[in-house]
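Work through the exercises below with the model open. Each task is followed by a stepwise solution.

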Amino acid sequence: LRIEFLGACREVGRSAFVIDDNDYRFQLDSGVKVHDHFEAHQEPKNPVKSIITTHAHLDHSGALPKSFKHHPAIAFTTFPTIPLIDLLVEDSIKIARQEGKTLPISRAEVKSMQKNLIPLPYNKRVPLTKKSEFELFDAGHILGSAQVMYRGGKNVFYTGDFRSSPSRLHAGASFPKESVDALIIESSYAMRAQPKRDEVEQRFADAVQSAVEEGRTVLIPCFAIGRTQEVLMVLKSRGVKANIHLDGMGREVNKIYHDYPTYLKNAEALTAAIEDSTTVIDRAERKKIVKEPGVIIAGSGMLEGGTALSYIQKLNELGKGAVMLTGFQVNGCNGDTLLRQGFVKDRGKTVKIKLPVQLHNFSAHATPEDLRDAVKRLGPEKVFCVHGEPEGCDAFAKELREQGFDASAPRAGTAVEF
Ligand SMILES: [Zn+2]
Ligand SMILES: [Zn+2]
């Protein structure tokens, strides 16, 4: 069995791996670097017969439209992932156009991708050849996110992005019972502690409530998928009293979450939280809500474009706002420069922001404990630490080697055979 590493190697972004077992070649994920003009993973040297996509985030799915252009692969994913990919890709094309840029994917390619995507449920064994099969397991990361178990000449488990610890939306990842020969594991938070979710939620709810009581309009930049829904649920269940407005792509994503209740821990609680918020429908309403104390939830989560970037500038002019970031901010993104240097960039123009800014550490990724538990549980012969900063991947692999595992942090373009 051979594993080829095409992306997400010592970086977060453009996930892609090829498994070649007795000449059946298939690919795990097909991602892009979202903030780097959709730079795709390395091309596989030989064509693959199928592609399994773990979830809708574009660092795992953004290169799928391209993948069908040159060879007739089929692609598998979960049911909710299909409409979510659709929405994300269309939205990226739209935003690029508004900014006067073009993405390296076309609508025609998106259409052809839609025809080739086959939806599957979790926990169903799907044959690939007479001697091999795969099965998807709930990853507990976002709606429809999956981990992949491949059973063939050897068994390989790929976590995609996962989270075992529960959140408002998901009960936590599930795993196969047997041990595996190889494990490809995400390492986003391998070396970074995550504060307890309960404490994060309470601190966040308290901060939002006191800012509203000071008469501020609180902007909460959120990823449209997952974080938006989680934040709505936290605000409701922690009893925050404020007018809550929802703008941007999160509105569409809410509908998709609503369509797949069995993929959620508590769909009724989410529906109740969504019903407690109001959806922003036009410009007149936008003009009005920035002048009132309350909450505005909008994308993007890192303030890279989207309605959140317009809101922050408007609130800055008016001087009565506050900003609560709700997740990891990549080095150099607007959320990061806002926190460290007090400015954001919009279409090349630097804007100094004079509003109070806080970061609340919500995460949909495995905690350091989740990662170590997964390795222990699956007892792999080989471990490949991927999807993390180079130092994190290296340190995680080193720690596992010290415990007796054959662990490494592979580089893109390399392959292993065993
Ligand atoms: Zn993800
Ligand atoms: Zn990812």
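**Exercise 1: geometry at ligand 2**

The four donor atoms of the zinc ion (ligand 2) make angles of 87 to 161° with one another, and the site is irregular. The model is a predicted one.

Task: Why does the site of the zinc ion (ligand 2) not count as tetrahedral?

Solution:
1. The protein donors are Asp59 (OD), His60 (NE2), Asp161 (OD) and His387 (NE2), placed 2.2 Å from the zinc ion (ligand 2).
2. Four donors count as tetrahedral if all angles lie between 85 and 135 degrees.
3. The angles at ligand 2 run from 87 to 161°, so the tetrahedral limit is not met.

**Exercise 2: ligand 2 along the chain**

Task: What spacing do the donors of the zinc ion (ligand 2) follow, and which parts of the chain hold His60 and His387?

Solution:
1. The spacing is D-H-x100-D-x225-H.
2. His60 is in helix H1 (residues 58–61), while His387 is in the loop between strand S22 (382–386) and helix H13 (390–402); the two are 327 residues apart.
3. Both His60 and His387 are buried.

**Exercise 3: the second zinc ion**

Task: Which residue coordinates both zinc ions?

Solution:
1. For the zinc ion (ligand 1), the protein donors are His55 (NE2), His57 (ND1), His141 (NE2) and Asp161 (OD), at 2.2 to 2.3 Å.
2. Asp161 is also a donor of ligand 2.
3. Asp161 therefore bridges the zinc ions, which lie 3.5 Å apart.
4. Donor spacing at ligand 1 is H-x1-H-x83-H-x19-D.
5. His55 lies in the loop between strand S6 (50–52) and H1, and Asp161 in the loop between strand S12 (155–158) and strand S13 (182–186), so this pair ties together parts 106 residues apart in sequence.

Definitions and conventions:
Residues are numbered from 1 along each chain as its sequence is written. Chains are lettered from A and ligands numbered from 1 in the order in which they are written. This is a predicted model: local features need pLDDT of at least 70, side-chain atom pairs count only at pLDDT 80 or more; totals for chains, interfaces and linings use all residues. Side-chain values use heavy atoms; hydrogens and water are left out. Donors are N, O and S atoms within 2.8 Å of the metal (3.2 Å for Na, K and Ca); water is not among the atoms, so sites may look incomplete. Four donors count as tetrahedral if all angles lie between 85 and 135 degrees; four count as square planar and six as octahedral if opposite donors are over 155 degrees apart and all others between 65 and 115; anything else is irregular. Helices (H or I, at least four residues) and strands (E, at least two) are DSSP runs, numbered from the N terminus. Buried means under 20% relative accessible area, exposed over 50%, partly exposed in between (1.4 Å probe, protein chains only).
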